[in-house]
Amino acid sequence: AERALYSAEDVLDRARDRLAENAALLDDFVAGREDLRGPLASGSPFGFPATDAESDALVEAAWETGVLVAPGRFFGDESRVRVALGGSPEDCEAGLRAFAGVLDHHRG
C-alpha cells in the first residue's frame, strides 16, 4: 500500500492539470456556440450545459457518431446534457469536434 501511495501527490497533480485543461476546452466550446449555455462548474469532472435541442434526440445522435453524452433527464434537467471531461485533452478536443457536428445537424 505504501508503494502504491508513494506518488499519489504526483498523480493527483497530473489529474488536476488534465481536468483544468479539459474544463477550459469545454468552456471555450460552450462560449463559442449559440445553442449551448453555461455556467459550467469550476473544478468539476463534468460539464452540464443547457441546449436548445431536445436532449434525448441529441444524445442518440451523438451516440451514433461515437460521442457519449448523458441526457439531462438523468439529473433532473431535460434541457441539459452531461459531458465528461476525464479523457486526455486530445480525446476531449476530438469528442467536442464530433459533438459540434451533431449540434450543427440538430440546429437546422
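This is a chat between a trainee and a mentor about a predicted model of one protein chain.

Trainee: Let's start with the overall layout. What makes up the chain in terms of helices and strands, and in which pattern?

Mentor: You'll find four helices and five strands. Going along the sequence, they come as α-α-β-β-β-α-β-β-α. The C-alpha atoms fit a box of roughly 55 × 25 × 25 Å along the principal axes.

Trainee: Why is Arg80 called buried?

Mentor: Go by the number. Buried means under 20% relative accessible area, and Arg80 has 17%, so it counts as buried. Arg80 sits in the loop between S4 and S5. Leaving out residues up to four places away in sequence, Arg80 touches Arg37, Gly38, Phe48, Pro49, Ala50, Thr51, Ser55, Pro71 and Gly72.

Trainee: And what makes Ala41 exposed?

Mentor: The cut-off for exposed is over 50%. Ala41 has a relative accessible area of 52%, so it gets that label. Ala41 is also in a loop, the one between strand S1 (36-37) and S2. The C-alpha atoms of Ala41 and Asp52 are 20 Å apart, with their positions eleven residues apart along the chain.

Trainee: How do you know that Arg16 is partly exposed?

Mentor: Partly exposed is the range between those two cut-offs, 20% and 50%. Arg16 has 48% relative accessibility, so it falls in that range. Arg16 belongs to helix H2. Its C-alpha atom is 8.2 Å from that of Gly43, although the two are 27 residues apart along the chain.

Trainee: Why is Ala84 put in the partly exposed class?

Mentor: The reasoning is as before: its relative accessible area is 42%, so Ala84 is partly exposed. Ala84 lies in strand S5 and, not counting residues up to four places away in sequence, touches Pro45 and Phe46. The C-alpha atoms of Ala84 and Glu9 are separated by 23 Å, and these residues are 75 apart along the chain.

Trainee: How do the side chains along S5 point, and which are buried?

Mentor: They alternate. Val81 and Val83 point to one face and are buried, whereas Arg82 and Ala84 point to the other and are not.

Trainee: How do you know that S2 and S5 are paired?

Mentor: Count the bridges. Pairing needs at least two bridges between the strands, and S2 and strand S5 (residues 81-84) have two, in the antiparallel sense. Gly47 stands opposite Val83 in S5, and Phe46 has Ala84 as its bridge partner there.

Trainee: What joins S4 to S5?

Mentor: Two bridges again, with the strands running antiparallel. Pro71 stands opposite Val81 of S5.

Trainee: In what order do the three strands of the open sheet come?

Mentor: The order is S2-S5-S4, with antiparallel pairing. Strand S2 (46-47) and strand S4 (70-71) are called edge strands; each of them pairs on one side only.

Trainee: What makes a set of residues a nonpolar core here, and which residues have the most contacts inside the largest one?

Mentor: The members must be buried, come from a list of residue types such as Val, Leu and Phe, and be joined through side-chain atoms within 4.5 Å. The largest core has 21 residues, and Leu26, Phe29, Leu58, Val69 and Phe99 have the most contacts inside it. Helix H2 (8-31), helix H3 (55-64), S5 and helix H4 (89-107) each give two or more residues to this core. H4 gives the largest share, five residues.

Trainee: What is Phe29 in contact with?

Mentor: Setting aside neighbours within four places in sequence, Phe29 contacts Leu36, Leu96, Phe99, Ala100 and Leu103.

Trainee: Back to the whole chain: how much of it is buried, and how much area is exposed?

Mentor: Of the 108 residues, 34% are buried. The chain exposes about 7,000 Å², and carbon and sulfur atoms supply 53% of that.

Trainee: How many positive and negative charges are there, and how far apart are their mean positions?

Mentor: There are 11 positive and 21 negative charges, with mean positions 2 Å apart.

Trainee: What share of the contacts join residues at least 24 apart?

Mentor: It's 64%, counted among contacts between residues at least 6 apart in sequence.

Definitions and conventions. Residues are numbered from 1 along each chain as its sequence is written. This is a predicted model: local features need pLDDT of at least 70, side-chain atom pairs count only at pLDDT 80 or more; totals for chains, interfaces and linings use all residues. Side-chain values use heavy atoms; hydrogens and water are left out. Buried means under 20% relative accessible area, exposed over 50%, partly exposed in between (1.4 Å probe, protein chains only). Contact means heavy atoms within 4.5 Å. Accessible areas come from the Shrake-Rupley method with a 1.4 Å probe; for residues, only the protein chains shown count as cover. Lys and Arg count as positive and Asp and Glu as negative; His and the chain ends are not counted. The place of a charge is taken as NZ of Lys, CZ of Arg, CG of Asp or CD of Glu.
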